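Colleague: I am new to this model and should like to understand the reasoning behind the terms used for it. May I put some questions to you?

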Amino acid sequence: MAPPHGNETDARAPIRRPSRRSLLAGAAAFGALGATGCSRVAASASGAEGGDLLDRLRAQGVVRLGIAGEIPHGYIDKNGEVTGEGPELAKVIFKRLGVRRVQPVPTEFGSLIPGLNSQQFDIVSAGMYLTPERCAQVIFSDPDYQMLDAFVVRKGNPKGLHDYEDIVRKKAKFATGTGYAQIDHAVRAGYPRGDILIVPDQVAGLNAVESGRADVFAGTALTVREVVRKSRTTEATDAFATVVDGEKQVDGGGFAFRSNETRLRDAFNAELRKMKKSGEVHRILKPFGFTENEMTDLTAKELCGG
C-alpha cells in the first residue's frame, strides 16, 4: 500500500470540527436474538455503574469484534483470520485487559452501530470515524488514526475529479459506501443526497466505477488505494482534506462501545494512550499502510463536538 504523496495536506494541521457530521445510515435488519443474546441484554441492563462488560469479557476470555470487511480497517484474511488496524490493536489491548481472544463478527458498515446496540457484538473494531451523530448513539475511544479522503476514478481521471467541489461542478455520478462519512462530505459540498449511489462497500464501489455506473467512488485514502491495486481500469486520486465552512478538516477513526460501558471504554483508552506514547500504535498500524502523518493526538471529545 503506497504511503501518502508528498503534496498531500498535512494531516497534523489544527482543525475546527463542524457542528454536524455524517449520520450512520442504512442499518440492516437483524434477526431475533437467541437465549444467550437475551441474557446478555439483561446483564447489560442490570446496571452496574460504568457497565459490567469488562468483567464479563475477562470471565469468558473472548471479545466479539464488529467488523465491516474493509481493508485495511477490519477484515478476514486469506487464511480465515481476522486482521486489520482495528482488530490488531484490539488483540493487544484486550490481552492487556485480561481478555485472551478476539472473535470477529462481520457485517455491513451501516449495520455496525445497530449491531453493537442490539448485542450482536461487544465493540466496533472497524476504523469508524467519530462524528457527533454517531457519538449520540454510542461512545468512542480516542481515535487511533486520522485520515484524509480519496477517490476511485477511471484511469487518467478523465473528468478531472480531485475533491467534492469538482464532483458537484462537473455533475459527476458519485458513489460511496453505506453509512460512510463521505456521504455527508459530498452533501455539504452541494451534491444532492438523493442522487448519491450507495453501495455496500469499497469493492462494490470499485465495480460501479469500472462498469460506468459511477464516475467516482469516495472513501478513506487507504481504503481507496488498497481497492484499486489490482484494477486495470481505475486509479486512486491523491488524498485530500475535505473543506467545511472554508476550513480543511481531518477525520479520525476509533473503536465504538455501547453507551453504558464507560468502564470498558476508559480502560481501553488508558492502554491506547500508553501505546501512542511509546510508538506502539504506529508499529502495529504501519503494515496496513499507515504513516506517521496518520498518527494522532486528537481526542474523542474533540471529534464528538464537545
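Modeller: In this predicted model, five strands form an open sheet of mixed pairing, in the order β10-β9-β11-β8-β12.

Colleague: What makes β10 and β12 the edge strands?

Modeller: Strands β10 (197-199) and β12 (234-236) each pair on one side only. Neighbouring strands of this sheet are turned against each other by 25° on average, direction ignored.

Colleague: How do you know that β8 and β11 pair?

Modeller: Two strands pair if at least two bridges are found between them. Five bridges join β8 (residues 149-154) to β11 (residues 216-220), therefore the two strands count as paired. They run antiparallel, and D149 stands opposite T220 in β11.

Colleague: Why is the space lined by T220 called a cavity?

Modeller: The term applies because a 1.4 Å probe fits there but cannot get out. The structure holds one cavity of 30 Å³ or more, and the largest has a volume of about 110 Å³. Of its 13 lining residues, the closest to the centre are E70, F109, G127, Y129 and T220. Strand β5 (residues 123-129) gives the largest share of the lining, four residues. By class, the lining has seven nonpolar, four polar and two charged residues.

Colleague: How do you know that the span of helix α3 is close to the expected one?

Modeller: Helix α3 (residues 85-96) has 12 residues and reaches 17 Å from its first C-alpha to its last, against the 16 Å expected at 1.5 Å a residue.

Colleague: Which residues of α3 are called buried, and why?

Modeller: They are E85, G86, P87, L89, A90, I93 and F94, so called because each has under 20% relative accessible area. After α3 comes G98, whose phi is positive, near 95°.

Key:
Residues numbered from 1 in each chain as written. Predicted model: local features only at pLDDT ≥ 70, side-chain atom pairs only at ≥ 80, totals over all residues. Heavy atoms only, no water. Expected span 1.5 Å × (residues − 1). Buried < 20%, exposed > 50% of the residue type's maximum accessible area, 1.4 Å probe, protein only. 1 Å grid on protein atoms, 1.4 Å probe; cavity = no way out; pocket = protein on both sides within 12 Å on 5 of 7 lines; lining within 4 Å. Points joined across faces, edges and corners; volume = space filled by probe spheres on them. Nonpolar A, V, L, I, M, F, W, Y, C, P; charged D, E, K, R; others polar. Axes fitted to C-alpha atoms, helices over the stretch in contact; angles between N-to-C directions.
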